[in-house]
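Let's take a walk through this structure together, starting with a small detail in a loop and working outwards to the sheet that joins the chains. Keep the viewer open as you read.

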Amino acid sequence: MLKSVLITGVGGQGTLLASKIMSEAAGRRGLFVRTSETIGMAQRGGSVTSHLRIDAKNVSPVIPSEHADILIGFELAEAARQIPKLAENASCVVNTDTLVPTNVALKQGKYLADEYLAALKKAAPHGLFINATPLAIEAGDARTLNIVLLGAAAGAGMLPFSVEELKDAIKACVKPKLLDMNMKAFELGLAAAQ
Amino acid sequence: MSTRVCMGNEAIALGAIRAGVRVVAGYPGTPSTEIIETFVHEKAPGVNVQWSTNEKVALEVAAGAAYSGARALVTMKQMGLNVATDPLMCLSYIGVKGGLVLAVADDPGPWSSQTEQDTRDFAKHANLPVLDPSSAEEAYEMTQEAFELSEEFALPVILRPTTRVCHASATVELGEATPQPPVAGFEKRPEWCIFPALSYKKHGELEVKQHKIAEKFETSKFNRIDRGGNKGVAASGIAYLYAKEVIDEYQLEVTLFKVGTPYPMPENLSKEFLSRVKSVLVLEELDPVVEEALLAVSNGQTPVYGKHTGNLPWNGEYSYELVRKALFDYLDAKVPEVPGVELPEMPKRPPVLCAGCPHRASFYAAKVATRHYPKAVYCGDIGCYTLGNAAPLNMTDTCLCMGAGITVAQGIALAEPGTKCLAFIGDSTFFHTGIPGVINAVYQNIDITVVVLDNHTTAMTGHQPHPGTGKNAMGEPAKALDIETMLKACGIEEIYTVNPFDFDASVEAFKKAVEHKGPSAVITKAPCIAQMKRPATVHRVNESCIGCLKCIKEVGCPAMTPENGKVVINESLCTDCSLCANVCPVGAIKRGERHA
């Protein structure tokens, strides 16, 4: 059955790798996958999204409005920005930590963290909201945030894959010398959700 | 047969390998870059892969290989085809022997481009067949077919994926490996030299070929009519998948014509489609190529709706939502209601120079050095450093196309004597199309300062090597060209090479170069921060911060945010570059150990 997973964050946070790991997991199970990535200018600190559509062929690689079954948000405002994409009864895992854009610091626009969290909780009442940044630092590097959140999504039972399937996919996608750190990040995410 | 989840660009490379490609050349450009990167990862035996200095060079190299009977692939983004237009237009007359495929990626939106030009129109202009994949799996098949077509008609063939094909993945069934076709070698014939008399003859032949190719496309597996109601829909590229999703989800009764060969359009197939329907809605991004072809075939008999009728927009990327609305309007059906979601006010998040980017330091030094002049103009170019346009740096006054900063600066200096004109160009862009402009500045003796921002890579497209890096595409050692030596050879006499993080020396170098009468240059050399290992130290704001926010207002580093009246540096982003410490008026920013 078609599952649409939307991953969002700020360029540089590693949405691409998270998407690749889930594609790998789906591929290993023999499911047809379509994904669409933000590659290019926006990767330099702009808003980025990765779309995954698992187990359906005659759909576009981009998740339409109200069609996302699962949202994985790496940054609070970026997660809130994607609320219009959420299907009814969508589930979500959102990092509550914030990255305030420089233009806000220069007084161009506002960053309303409390309102973003409230809007997300309203749109996805059963969502999981965690501050994942300290967990990534605990794993050994703030840049393992993507794997912590993947672990949290798996721990919350949102993803159409088992924990073991995801671990195998991580092994296939992560550089061997970074594997232990990423496995620790995955376990920390998993534990945070349970 | 095996399957792999492939990005469209990866599928194109794998298709070319299966087709027995021997020479692959291109210049990085979003969204085309990962085609050559796939070759770099795959290391397929017998394939010569290069990042060329620019797209014109790449196409000419590939043409030579194809003259010799080898299969060759050239990759570029749509803007790159502008650079390669000169050889392409002539090549359609001269033709090829081995298959020559140009993978030219278009960027509707645009996401990372200066224009929304449509390469399908370009193909028509050059009298060359074009294949328009709607997905990664189709791109894999089309690439292989493109080589066959190219050899059958002895013409280059264009494969035109768009961003949502290039950067979209799908599960692709990969065929068994096949041996590379043998290379006959270069055969001396007068037909390889273009002369007016030959051009006249070849032009005539080329026009005849257009009909033969269109005939061939009548039975192409990439064109398909799915029979349904008497309302017709024609779709090309990614718009086909948007249409397919909407049609399936709402079970719309339409006859769907999927067009994979937009030029030359197969006339009989188009007639057959038009004969089955009472009207047509055409869904295609960018230019109305299929729409105009169907209008010509219909000749007023069947109404054709699309861009010319205002049913669909001319600019921007299409989406499921846009296609759904166009389809429902066309079918006189009520567009499904979308309950509006009230979102709180969201901050804009445009792309920015990374924390610790050496370009920020270069721009800031140039800004400080030129502050006292009545007017200084900062001409920019294409690369990460185009992001120097953003506040608070505001250091990109112009940006046109690859290499144009150096030349536009000359025009401004001629029109407005006395204005200080600085032209910023990255190292890869310098090799691509910067050099002729430098020579012109020297030859015409125009008072500009060329600033080469040398971060030792092609950063924006994901760190490809270039002639200055000492590595070739495959990562093997290559001769590294020295930019300072080249500037000297071009005739510039006043050249300063500095490390942009040595703030005082950089400001001094800019002052001297700008003060110099006649062409001068500053080379700011520091490696791209995204390729550096993070140091064990960071900069941290201490208690003495007075909250003046000068650091943020002057350099705008994304690692810095105001918090409770003071500034906080996000340690996971800080690279310890120290630029902010040079700005702080009270010395509140100090080096410390990294904790994150």
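In which loop of chain B does B:P264 lie? B:P264 lies in the loop between strand 11 (255–259) and helix 11 (267–276) of chain B, where helices (H or I, at least four residues) and strands (E, at least two) are DSSP runs, numbered from the N terminus. The peptide bond that leads into this proline from B:Y263 is cis, with omega near -10 degrees.

Before we go further, a word on what you are looking at. This is a predicted model, in which local features need pLDDT of at least 70 and side-chain atom pairs count only at pLDDT 80 or more, while totals for chains, interfaces and linings use all residues. Residues are numbered from 1 along each chain as its sequence is written, and chains are lettered from A and ligands numbered from 1 in the order in which they are written.

Chain B has another cis peptide bond to look at, between B:G109 and B:P110, with omega of about -25 degrees. You will find B:P110 in the loop between strand 5 (100–105) and helix 6 (119–125) of chain B. Most residues other than glycine have a negative phi, and most peptide bonds are trans. With that in mind, look at B:Q251, which is not a glycine yet has a positive phi near 45 degrees. B:Q251 sits in the loop between helix 10 and strand 11 of chain B. Is B:Q251 buried or exposed? B:Q251 is exposed, because 7 other C-beta atoms lie within 10 Å; a residue is buried if 20 or more other C-beta atoms lie within 10 Å of its own, exposed if 12 or fewer, and partly exposed in between, with C-beta atoms placed from the backbone. B:N299 also has a positive phi, of about 50 degrees, without being a glycine. B:N299 belongs to the loop between helix 12 (289–298) and strand 13 (304–305) of chain B, and it counts as exposed because it has 8 C-beta neighbours inside 10 Å.

Now step back to the sheet. Eight strands form an open sheet with mixed pairing, in the order 6(A)-5(A)-4(A)-1(A)-3(A)-2(A)-8(B)-1(B); two strands pair if DSSP finds at least two bridges between them. Strand 6 (128–130) of chain A and strand 1 (2–7) of chain B stand at the edges with a single partner strand each, so one side of each has no neighbour in the sheet. From one strand to the next, the twist averages 20 degrees.

Follow the pairings across. In chain A, strand 1 (residues 3–10) and strand 4 (residues 68–73) run parallel and are joined by four bridges, with A:V5 opposite A:I70. Where the sheet passes between chains, strand 2 (residues 33–37) of chain A runs antiparallel to strand 8 of chain B, with three bridges. Here A:S36 faces B:A168, and A:R34 stands opposite B:A170. Strand 8 of chain B also pairs with strand 1 of chain B, antiparallel over six bridges, and B:S2 has B:L174 as its bridge partner.

Helices lie across these strands. Helix 6 (residues 145–155) of chain A lies across strand 4, strand 5 (86–95) and strand 6 of chain A, at about 135 degrees to strand 5; axes are lines fitted to C-alpha atoms, for helices over the stretch in contact, and angles run from 0 to 180 degrees between N-to-C directions. Eleven of the eleven residues of helix 6 of chain A are buried, so this helix is largely enclosed by the rest of the structure. After helix 6 of chain A comes A:G157, with a positive phi near 70 degrees. In chain B, helix 1 (residues 8–18) lies across strand 1 and strand 8 (168–174), at about 130 degrees to strand 1.

Finally, consider the contact between the chains. It takes 46 residues from chain B and 47 residues from chain A, two residues being in contact if their C-beta atoms, placed from the backbone, lie within 7 Å. Helix 10 of chain B gives the most to chain B's side, with six residues.
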